[in-house]
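Student: Got a minute to go through this model with me? I'd like to start with the empty spaces and then jump around a bit.

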Amino acid sequence: MKAISVIIPCYNVDAYLDRCLTSVVSQTIGTENLEIICIDDASSDGTWERLKVWERQYPDHILLIRQEMNRRQGAARNIGLTYASADWVAFVDADDWLEPDYLEQLYKPAMEYPCDVVCCGEVRDFSDALSYLDEKTREAGQDRYIVTETEEARKYMITSLAGGEAVWGKLVRRKTLLEAQICFPEDLVYEDMYWHTMLHIYASGFYVVNKKLYHYFANYQSTALSMNETWHMDWLTVQVEKWAEYRRRGLLERYREELEFDCLRDAVGFLKLIVLRYEEPPFSFFQLGRTLIRGMVPDYRANPYLVHFTDFYRALLEALYVPVGRTEFEEIARQARRYWGER
């Protein structure tokens, strides 16, 4: 039995795979403790051939799965989870890489504390090479152990997302994901928006390792950072699916105000997306977002967590609830770009 199943979705990442997998097989916890599951999501470059080279080198530790049709990262991760056999799961993106002791640093508190999630900090890295941080740069503060046994504690986790919003940078108890049926939307981008909120609702106990141990590669050719693509509208589709799942599970009755706040936080993220990922921010997408968000949260001003938004973010939310024409929207977009920067 391996200690950790490492699940890596792979799509056209021939240029990055060696760096990623080198950082995984070099983990101080030992390759003998790892089950590395790589899912090729119908790549059209040399990804599959490169994966097979790695499989030949580590036949007892690397499992390859190939999809005939591209299903996006959500489906790839779901498939990987069905093959996972370890008690703990770590998701890694194939263009990212890990500090040498990443898994060891996360696994130790997983064994010492009653928790379902251990997470850490990350560094946004622009390097083309496999590089590591010095100890001073890695340190980010004191570790925290967060117990989530009460309703108030779970409300705090929903509103704070103290365990982080990314899928990566975490070690998660596999049993928790399976029992709570926490999976990813498939055939869509921005699947992580759905997943991380569910995790914060259902996970029992979080341990936060306040060290930067995960390297997030700032790849402007990636799906999330690409410009002028229609798939960015998946953001709204995922939000609708998430809201429907809240309703199906009866979560709105228990956490209505907290989940409305989460929806409003996502609404600001959507506005940021259409402002920064389109050369000419589309007014029609803005109008569609307005309609959907207002249907979920009819009165944002009544939400008690509104105090957590900055004045600028509250002004953006206000724009979703008052009449805004194309000219006003273009001015909002210009102001938002100045606030957030061009990229």
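Tutor: Here we go through cavities, cores, cysteines and a few single residues.

Tutor: This is a predicted model, so to speak of local features we need pLDDT of at least 70, side-chain atom pairs count only at pLDDT 80 or more, and totals for chains, interfaces and linings use all residues. Residues are numbered from 1 along each chain as its sequence is written, and side-chain values use heavy atoms, with hydrogens and water left out.

Student: OK, how many cavities of 30 Å³ or more are there?

Tutor: The count is 1. A cavity here is a set of points on a 1 Å grid over the protein atoms alone where a 1.4 Å probe fits but cannot get out. A volume is the space filled by probe spheres set on the points, with grid points joined across faces, edges and corners. The largest cavity holds about 30 Å³.

Student: Which residues line the largest cavity?

Tutor: Leu 271, Val 275, Phe 286, Leu 316, Phe 329 and Ile 332, where lining means having an atom within 4 Å of a point. Two elements, α10 (251–276) and α13 (326–340), each give two or more residues to that lining. Element names come from DSSP runs numbered from the N terminus: helices are H or I with at least four residues, strands are E with at least two.

Student: And what classes are in the lining of the largest cavity?

Tutor: It has 6 nonpolar residues, no polar and no charged ones. Nonpolar covers Ala, Val, Leu, Ile, Met, Phe, Trp, Tyr, Cys and Pro; charged is Asp, Glu, Lys and Arg; the others, Gly among them, are polar.

Student: What about the second largest pocket, which residues line that?

Tutor: Glu 279, Glu 280, Pro 281, Phe 283, Arg 326, Phe 329, Glu 330, Ala 333, Arg 334 and Arg 337. A pocket is an open set of points with protein on both sides within 12 Å along at least five of seven lines. This one has about 190 Å³ of space. Its lining splits into 4 nonpolar, no polar and 6 charged residues, and α13 gives the most, with 6 residues.

Student: Switching topic: which residues touch the most other members of the largest nonpolar core?

Tutor: Trp 195, Leu 259 and Leu 317, out of 75 residues in that core. α10 gives the most to this core, with 15 residues. By nonpolar core I mean a set of buried Ala, Val, Leu, Ile, Met, Phe, Trp, Tyr and Cys residues joined through side-chain atoms within 4.5 Å. Another core lies apart from it, with 39 residues, including Ala 3, Val 24, Val 25 and Leu 34.

Student: What does Leu 259 contact, leaving aside neighbours within four places in sequence?

Tutor: Ile 158, Thr 197, Ile 201, Trp 243, Tyr 246, Leu 251 and Leu 252. Contact means heavy atoms within 4.5 Å.

Student: Cysteines next. How many disulfides?

Tutor: The count is 0, going by cysteine sulfur atoms within 2.5 Å of each other. Cys 20 is in none, and its nearest cysteine sulfur, in Cys 10, is 7.2 Å away.

Student: Is Cys 20 buried or exposed?

Tutor: Buried, because its relative accessibility is 0%. The cut-offs are under 20% relative accessible area for buried, over 50% for exposed and partly exposed in between, with a 1.4 Å probe and protein chains only.

Student: Why is there no bond for Cys 183?

Tutor: Because the closest cysteine sulfur, in Cys 263, is 20 Å from its own, too far for a bond. Cys 183 is partly exposed, at 36% relative accessible area.

Student: Where's Asn 303?

Tutor: In the loop between α11 (283–296) and α12 (311–321). Asn 303 is buried, with a relative accessible area of 5%. Beyond neighbours within four places in sequence, Asn 303 contacts Glu 257, Glu 260, Phe 261 and Leu 264.

Student: Last one: what's the phi of Asn 12?

Tutor: About 50 degrees, so positive, although Asn 12 is not a glycine. Most residues other than glycine have a negative phi. Asn 12 sits in the loop between β1 (4–10) and α1 (17–25) and is partly exposed, at 28%. Arg 72, in helix α3 (residues 72–83), also has a positive phi, near 75 degrees.
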